[in-house]
Amino acid sequence: MKSKVALDQVIIGVEAFETAEKAAKAFGKLDPNKYEVLPVLVVIKNNRKSPIKVGQLEVQYIVPGLGKVQALKSDEITSAAAGPTAPNLGPKPFPIPTRRKKNPLSAPEIEGRSFAARMIAAGESASGFFYFNIKHRTTAKIYFNGLVDASTNQEIFYFEIPFTE
């Protein structure tokens, strides 16, 4: 992991997959960065004596001076590559079936590598990608909120992790 922070016996590490070489390691030929979708690998290690809930995790990509970008939901990832479409005002073609271009971000690698954990047992870890509709900036930080101790139902402090080179 490029950057990590430990707080209250929870360690969170993040790494932006901002280059084609890094993206190839995780997604093969697909490079989400071509479609301005930044994949960020997140690893959460729970060193506490009780499990933690991560189902309501709020993740933001913060760029100083520019603001916050929420992590894309799974149904928003595919629409990020679609871009704006202009209406077709020309004559209507005959009803001949045509092939539609497949959306590259609907590949199973994107959904399959997303962070999907709902709970992390004591002494265990979970990992996966969060996706942001932005180009990577080295001055950015990742903000995490919503980690909850499952035994007490109390929220664990928020985490703010700067990217390091």
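# Aromatic pairs, two sheets and a pocket

The structure holds 8 aromatic pairs. One of them joins F27 and F129, whose ring centres are 5.0 Å apart and whose planes meet at 50 degrees, so the pair counts as tilted. F27 belongs to helix α1, which spans residues 20–27, and F129 to strand β8, so this contact ties together parts of the chain that are 102 residues apart in sequence. Both F27 and F129 are buried. These values, like those that follow, come from a predicted model.

F27 takes part in a further aromatic pair, with Y131. Here the distance from centre to centre is 6.3 Å and the angle between the planes is 50 degrees, which again makes a tilted pair. This contact also links distant parts of the chain, since F27 lies in helix α1 and Y131 in strand β8, 104 residues apart. Y131 is buried, as is F27. Ring pairs extend the group to a cluster that consists of F17, F27, F129 and Y131.

The overall architecture can now be set around this cluster. The protein contains 3 helices and 11 strands. Along the sequence these elements follow the pattern β-β-α-β-β-β-β-α-α-β-β-β-β-β. The chain has 165 residues, and 39% of them count as buried.

Strand β8, which carries F129 and Y131, belongs to an open sheet of 4 strands. The order in this sheet is β1-β2-β3-β8, and the pairing is antiparallel. At the edges stand β1, residues 3–7, and β8, each of which pairs on one side only. From one strand to the next, the twist averages 20 degrees. Within the sheet, strand β2 (residues 10–16) and strand β3 (residues 38–46) are joined in the antiparallel sense by 7 bridges. V10 stands opposite N46, a residue of β3.

A further open sheet, also of 4 strands, has the order β6-β5-β9-β11 and antiparallel pairing. Its edges are formed by β6 (67–70) and β11 (159–162); each has a single partner strand, so one side of each remains without a neighbour in the sheet. Neighbouring strands of this sheet are turned against each other by 25 degrees on average, with direction ignored.

How is β5 placed with respect to the rest of the structure, enclosed or not? Of its 6 residues, 5 are buried, so this strand is largely enclosed by the rest of the structure. The cut-off behind this statement is that a buried residue has under 20% relative accessible area. On one side, β5 is joined to strand β9, residues 141–145, by 5 bridges, and the two strands run antiparallel. Q60 stands opposite Y143 in β9, and the bridge partner of Y61 in that strand is I142. β5 also pairs with β6, in the antiparallel sense and over 4 bridges. In that pairing, I62 stands opposite K68 of β6. β5 and β6 form a hairpin with 3 residues between the strands, where G65 takes a positive phi near 90 degrees.

The final feature to consider is the largest pocket, which has a volume of about 450 Å³. Its lining is made up of 20 residues, and those closest to the centre are L57, L72, K73, F115 and F130. Which elements give two or more residues to this lining? They are β5 (58–63), α2 (74–82) and β8 (125–132). The largest share, 3 residues, comes from β8. By chemical character, the lining residues divide into 12 nonpolar, 4 polar and 4 charged.

Two strands thus recur in this account. β8 is an edge strand of its sheet, carries F129 of the aromatic cluster, and provides the largest share of the pocket lining. β5 pairs with β9 and with β6, and is among the elements that give two or more residues to the lining of the largest pocket.

Conventions: Residues numbered from 1 in each chain as written. Predicted model: local features only at pLDDT ≥ 70, side-chain atom pairs only at ≥ 80, totals over all residues. Heavy atoms only, no water. 1 Å grid on protein atoms, 1.4 Å probe; cavity = no way out; pocket = protein on both sides within 12 Å on 5 of 7 lines; lining within 4 Å. Points joined across faces, edges and corners; volume = space filled by probe spheres on them. Nonpolar A, V, L, I, M, F, W, Y, C, P; charged D, E, K, R; others polar. Phe/Tyr/Trp six-rings, centres within 6.5 Å; stacked < 30°, edge-to-face > 60°. Buried < 20%, exposed > 50% of the residue type's maximum accessible area, 1.4 Å probe, protein only. Pairing = 2+ DSSP bridges. Axes fitted to C-alpha atoms, helices over the stretch in contact; angles between N-to-C directions.
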